[in-house]
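Thanks for coming, everyone. Let me put the sequence and the model on the screen, and we'll walk through a few spots.

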Amino acid sequence: MSWMNEGLRYFRYSYFLKKKFGKNVYRVSLDAGLSCPNKDGTTSHEGCIFCDNDSFTPAAKHREFSIKEQIERQLNKLVRRYGVESFLAYFQAGTNTHGSIDMLRRMYSEAVDHPNIVGLIIGTRPDCLSDECLDLIGDYARKTFVSLEIGLQSIHEKSLRWMNRGHHASTFFDAVRRSKDHAIDVTAHVILGLPGETVEDMIATAKALSDSAVDGVKIHNLHVVRNTKLEEKYNLGEISVPEKEEYVGMLIHFLEHLHPRIVIQRLLSDIPRRYLVAPEWTHHKDAFLAELDQELERRDIRQGRMIQPLTYQTKEA
């Protein structure tokens with residue numbers, strides 16, 4: 001049974017995981033201590049304009065522990081809180097393919113060898129996925145569930161330059177193609193509300209992802225984190241961030257042009273209060289999601305509504 005037959009308005013990640021594993025599965029965030037090529041000089045020393053790694057990687061506080069120790073420290077709390085025993089090892093902090101093949105093999109194996117781990121999620125950049133690296137990850141994908149989270153943010157070169165991403169949109173789509181050659185699940189990260197992007201530009205990103213082989217998407221609202229170049233621009237009044245009602249409109253346009261086989265893993269940024277400068281409304285995540293659901297219902301909009309005809313299969317497992 002598809003998510004549409006369940007009365008949902010978009011393909012929820014929780015629904016996908018339940019169908020995939022037949023039970024509730026949670027993520028355990030891990031920090032392997034890897035750097036980023038856009039900060040260590042491989043590509044640039046500047047980094048992305050929006051990035052302060054600790055702000056969106058709660059695992060950072062655990063980086064002094066081994067991968068196994070990080071898993072053990074979090075599992076005890078998660079099992080008690082949620083009553084689940086199966087987890088995905090989420091290599092979240094840094095660029096988790098930016099290391100030697102031997103190093104990557106050791107850290108991935110340490111995670112999947114844990115009896116409570118049922119799969120891997122690997123956060124990375126599209127310019128950090130060599131053929132040798134994908135060969136290694138493909139080996140794991142033949143044995144367990146593996147998902148690559150690859151940062152795109154936008155298909156528009158003007159936006160990629162403004163963010164100092166250090167790669168082209170074509171680099172992302174090439175990485176997706178080569179990842180799918182190894183039957184690896186791929187999730188794209190995108191940002192809505194970038195300066196200079198119109199709603200039509202955001203729709204174009206949704207359409208490009210729909211035409212690609214990506215399996216999932218994480219959608220972030222443009223937000224300002226402390227100690228970043230974006231904060232400097234925000235404080236100088238050079239940029240603004242979308243208000244809640246404005247972002248709801250952007251999100252709805254994006255969703256209705258996004259293929260319904262693509263899993264929606266996130267709908268807005270989730271940043272701890274101590275790091276977030278703006279917008280304040282993102283602190284009220286549950287209220288926002290409830291408001292979005294109400295608006296989708298009021299307008300009778302579902303993910304992929306503008307893609308005709310709706311005759312395709314959704315990805316249930």
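**A glutamate without a salt bridge**

Start with Glu197: its side chain and that of Ser159 make a polar contact of 2.6 Å. A polar contact here is a pair of N or O atoms within 3.5 Å; within protein, one must be able to donate a hydrogen and the other to accept it, and residues adjacent in sequence count only if both atoms are side-chain atoms.

Two notes on the source. This is a predicted model, where local features need pLDDT of at least 70, side-chain atom pairs count only at pLDDT 80 or more, and totals for chains, interfaces and linings use all residues. Residues are numbered from 1 along each chain as its sequence is written, and side-chain values use heavy atoms, with hydrogens and water left out.

Back to Glu197. It sits in the loop between strand 5 (185-192) and helix 7 (199-211); helices (H or I, at least four residues) and strands (E, at least two) are DSSP runs, numbered from the N terminus. Glu197 is buried, meaning under 20% relative accessible area with a 1.4 Å probe, protein chains only. Yet Glu197 has no salt bridge, that is, no Lys or Arg side-chain nitrogen within 4 Å of its carboxyl oxygens. The nearest side chain of opposite charge, Lys158, is 6.5 Å away; Lys and Arg count as positive, Asp and Glu as negative, and His and the chain ends are not counted.

Now the cysteines. How many disulfides (cysteine sulfur pairs within 2.5 Å) are there? Zero. The sulfur of Cys36 has its closest cysteine sulfur in Cys48, 6.2 Å away, too far for a bond. For Cys51 the closest is also in Cys48, at 6.0 Å, again too far.

Technical notes
Disulfide = S-S within 2.5 Å. Buried < 20%, exposed > 50% of the residue type's maximum accessible area, 1.4 Å probe, protein only.
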